[in-house]
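The following report moves from one helix residue outward to the hairpin, the aromatic rings, the disulfide and the chain as a whole. It should be read alongside the sequence and the coordinates.

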Amino acid sequence: MTIMTVRIASILLGGCLAASVLSGPVFAIGDDSSTTPTCKKGEIYDQKTKKCVKQQGANVSDENRADYAYSLAKAGRYEEALAMLDTVKHQNTAEVLNYRGYVTRKLGRTDEGISYYLKSVKMDPQYAKVREYLGEAYVIKGRLDLAKDQLKSIKAICGTACEEYQDLNAAILDPSKI
């Protein structure tokens, strides 16, 4: 092979790699494990078909709806996230209550968010993500003592290396990170 052939092959290969990366689904931006893509308004991501489908009449599970609401929230689409959570049939789960708390807190309704977080913690005391978010809400309220209590609980659940511990610890040290 000539040097020119190698260069052309390298450029083509690089272009193919870039195209494959850029043509994949868009994932919700966040600092956690939310990997459900967001769709345009009026649609929901169906985890079974791996496609965006019309929200009206979509036959998707409560878990799918809750995950999608969380992805909308992580993308800053809070009102849509609340509307999606309202479509979940079984509202009284730790995950749905946590996500509702997250959305209401992000909308500036911190006390309401705390009430949802506390219900979620009561349902599943080992749910580290809700404890992180509850701790962040306490930081917002200036209750670092309560935030540190949540940090201790997270440490008991998953140690100091887990994302929930590190995120809440960073928020306690610098509240502007919330």
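## Met84 and its surroundings

Met84 lies in helix H3, which spans residues 78-86, in what is a predicted model. The side chain belongs to a residue that is buried, since the relative accessible area of Met84 is 1%, and buried means under 20%. Leaving aside neighbours within four places in sequence, Met84 is in contact with Ile44, Gln55, Arg65, Tyr68, Ala69 and Leu72. Of these partners, Ile44 belongs to strand E1 (residues 43-46). The C-alpha atoms of Met84 and Asp62, which are 22 residues apart along the chain, are separated by 10.0 Å.

## The hairpin

In a regular strand the side chains alternate between the two faces of the sheet. Strand E1 is covered on both faces, with Glu43 and Tyr45 on one side, Ile44 and Asp46 on the other, and all four of these residues buried. Strand E1 runs antiparallel to strand E2 (residues 51-54), to which 4 bridges join it, and within this pairing Tyr45 stands opposite Cys52 in E2. The hairpin of E1 and E2 has 4 residues between the strands, and Lys50 takes a positive phi near 60° there.

## Aromatic pairs

How many aromatic pairs does the model contain? The count comes to 4 aromatic pairs. The rings of Tyr70 and Tyr99 have planes at 10°, and because planes under 30 degrees apart count as stacked, this pair is stacked. The pair links distant parts of the chain, with Tyr70 in helix H2 (residues 62-74) and Tyr99 in helix H4 (residues 94-106), 29 residues apart. Both Tyr70 and Tyr99 are buried. A further pair, formed by Tyr117 and Tyr133, is tilted, and it also links distant parts of the chain, with Tyr117 in helix H5 (residues 110-123) and Tyr133 in helix H6 (residues 128-140), 16 residues apart. Tyr117 is buried, and so is Tyr133. The geometry of these two pairs is set out below.

| Pair | Centre to centre | Angle between planes | Arrangement |
|---|---|---|---|
| Tyr70 and Tyr99 | 4.3 Å | 10° | stacked |
| Tyr117 and Tyr133 | 6.4 Å | 40° | tilted |

Ring pairs link Tyr70, Tyr99, Tyr102, Tyr117 and Tyr133 into a cluster.

## The annotated repeat

UniProt, in an unreviewed entry, places the feature "repeat: TPR" at residues 94-127. In the model, this span is 79% helix and 0% strand, and its end C-alpha atoms lie 8 Å apart.

## The disulfide

By the criterion used here, the count comes to 1 disulfide, which joins Cys158 to Cys162 with an S to S distance of 2.1 Å. Are the two cysteines buried or partly exposed? Cys158 is partly exposed, with a relative accessible area of 32%, whereas Cys162 is buried, with a relative accessible area of 12%.

## The chain as a whole

The secondary structure of the protein chain comes to 8 helices and 2 strands, and from the N terminus on its elements run α-β-β-α-α-α-α-α-α-α. Of the 178 residues of the protein chain, 39% count as buried. Among the contacts with a separation of 6 or more, residues 24 or more positions apart account for 47%. The protein chain exposes about 10300 Å², of which carbon and sulfur atoms supply 56%.

Note on methods:
Residues numbered from 1 in each chain as written. Predicted model: local features only at pLDDT ≥ 70, side-chain atom pairs only at ≥ 80, totals over all residues. Heavy atoms only, no water. Disulfide = S-S within 2.5 Å. Buried < 20%, exposed > 50% of the residue type's maximum accessible area, 1.4 Å probe, protein only. Contact = heavy atoms within 4.5 Å. Pairing = 2+ DSSP bridges. Phe/Tyr/Trp six-rings, centres within 6.5 Å; stacked < 30°, edge-to-face > 60°. UniProt positions renumbered as here; feature names shortened; annotations may be inferred. Areas by Shrake-Rupley, 256 points an atom, 1.4 Å probe, with all protein chains shown as cover.
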